[in-house]
Amino acid sequence: MTRLIKTKSVPEGKEGVYDHPFFQGLIRRSLRYLSSGYPVHFTGPSGVGKTTLALHIANKRQRPVLMISGNEDLSNDDLIGAYKGYSRKKSDDNFIRTVRKIEEEVTESWVEGRLYEAVKNGYTVVYDEFTRSRPDTNNLFLSVIEEKLLPLYGAKSKDSHIKVHPDFSLIFTSNPTEYVGIYETQDALLDRMITIPFQMMGKEAQVAVVRERTLIESSKAEKIVGLLEKVNELCEDTQDGLSLRASIMIADIAEKYEIPIDGNNEDFQNLLLDTTFFTLNLCNEDTEDLRERILGVCRNV
Ligand SMILES: Nc1ncnc2c1ncn2[C@@H]1O[C@H](COP(=O)(O)OP(=O)(O)OP(=O)(O)O)[C@@H](O)[C@H]1O
């Protein structure tokens, strides 16, 4: 649910796809907003690179990075912490066998929640897919952002809140509300963050990502990305189309099993169909001949 990620400094001039001026500008602006105390929120379709970018920016802040994954079951206890503990002692009398003494003792100790730890120590938190958590859980972030205080609701603590460390910062990511399992975000929360819509990156950047994630050579990565862009045009709603993951999977498997990037090769055709058909089927009202239409695009590679 939450992960503390070791911070590593990103070497200057070695940022792969993020060397591109578009990303350089976006990263620079995001770092400015975070340093000024404003959370940044990347929102966009699945698999366009939001989480990877959020983690990259978080690492650049040179503070420990904590990743929280939004989910229905995330609770205030997980985020703030809770008193936990219970002990039960049983002793038998050595002289009178029928005598058994049971002592029950409730000794509670405070277990810090992950947000509590991050707020106290000034970590950078990447709250991934935060709209998958219940809105009442996310309410906690309102005062963290605005008043710089973490309220200790229900924590039986004598303090009502703790102060937010000046180095603490938050990066949110989310998918659009039409995705399954997504709650509508409260306006009050959105109003407190800088929301940057994130779409699929350009072709050059996609090729760089595929090359970074696999061992494939440049010309092959270009062919795959170009093909998937064309195949994606079969999707009626481009918001729900193919993600970067499809190109990465095709490049990875083709490379491992020496499948040629050739639209007339049966292995390649099957690989393309297996990795794209399901998604394309979801984003098309008319699914008749969809396989044939995909193969038609493929043969023209
Ligand atoms: N800059 C990058 N360098 C290398 N790989 C990347 C980069 N950006 C994205 N990827 C890869 O692309 C895939 C999708 O990226 P990511 O998980 O960040 O997307 P996302 O938009 O957060 O998706 P989701 O909304 O489904 O969580 C992942 O496999 C990721 O490793």
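**Helix 8, the ligand shell and two cores**

The buried residues of helix 8 pack against helix 9 (218-232) and helix 10. Those buried residues are A205, Q206, V207, A208, V209 and V210. The model is a predicted one.

Now the chain as a whole. The protein chain holds twelve helices and twelve strands. Of its 301 residues, 28% are buried. Among contacts with a separation of 6 or more, 74% join residues 24 or more positions apart.

Next, the ligand. Its surroundings comprise 18 residues, of which S46, G49, K50, T51 and T52 come nearest. Helix 8 (203-213) returns here: along with helix 2 (50-60) and helix 10 (244-256), it supplies at least two residues of the shell. Eight shell residues are polar, six are nonpolar and four are charged. Where does the ligand lie relative to the domains? Domain 1 (2-78 + 113-197) and domain 3 (203-299) both give residues to the shell, so the ligand lies between them.

Then the nonpolar interior. The largest nonpolar core has 31 residues, and V125, V126 and I171 have the most contacts inside it. Helices and strands both build this core. Helix 2, helix 4 (114-121) and helix 6 (140-146) are among the elements that give two or more residues to it. Strand 2 (40-43), strand 3 (65-69), strand 8 (124-128) and strand 11 (169-174) do so too. Take V126 as an example. Beyond its neighbours within four places in sequence, V126 contacts A54, L55, A58, V65, M67 and I171.

A second core, separate from this one, has 27 residues, including A208, V210, L244 and I261. Two of these names lead back to helix 8: A208 and V210 are among its buried residues.

Key:
Residues are numbered from 1 along each chain as its sequence is written. This is a predicted model: local features need pLDDT of at least 70, side-chain atom pairs count only at pLDDT 80 or more; totals for chains, interfaces and linings use all residues. Helices (H or I, at least four residues) and strands (E, at least two) are DSSP runs, numbered from the N terminus. A residue is buried if 20 or more other C-beta atoms lie within 10 Å of its own, exposed if 12 or fewer, and partly exposed in between; C-beta atoms are placed from the backbone. Two residues are in contact if their C-beta atoms, placed from the backbone, lie within 7 Å. A residue is near a molecule or strand if its C-beta atom, placed from the backbone, lies within 6 Å of it. Ala, Val, Leu, Ile, Met, Phe, Trp, Tyr, Cys and Pro count as nonpolar, Asp, Glu, Lys and Arg as charged, and the others, Gly among them, as polar. Domain bounds come from an automatic or database domain assignment. A nonpolar core is a set of buried Ala, Val, Leu, Ile, Met, Phe, Trp, Tyr and Cys residues joined through C-beta atoms within 7 Å.
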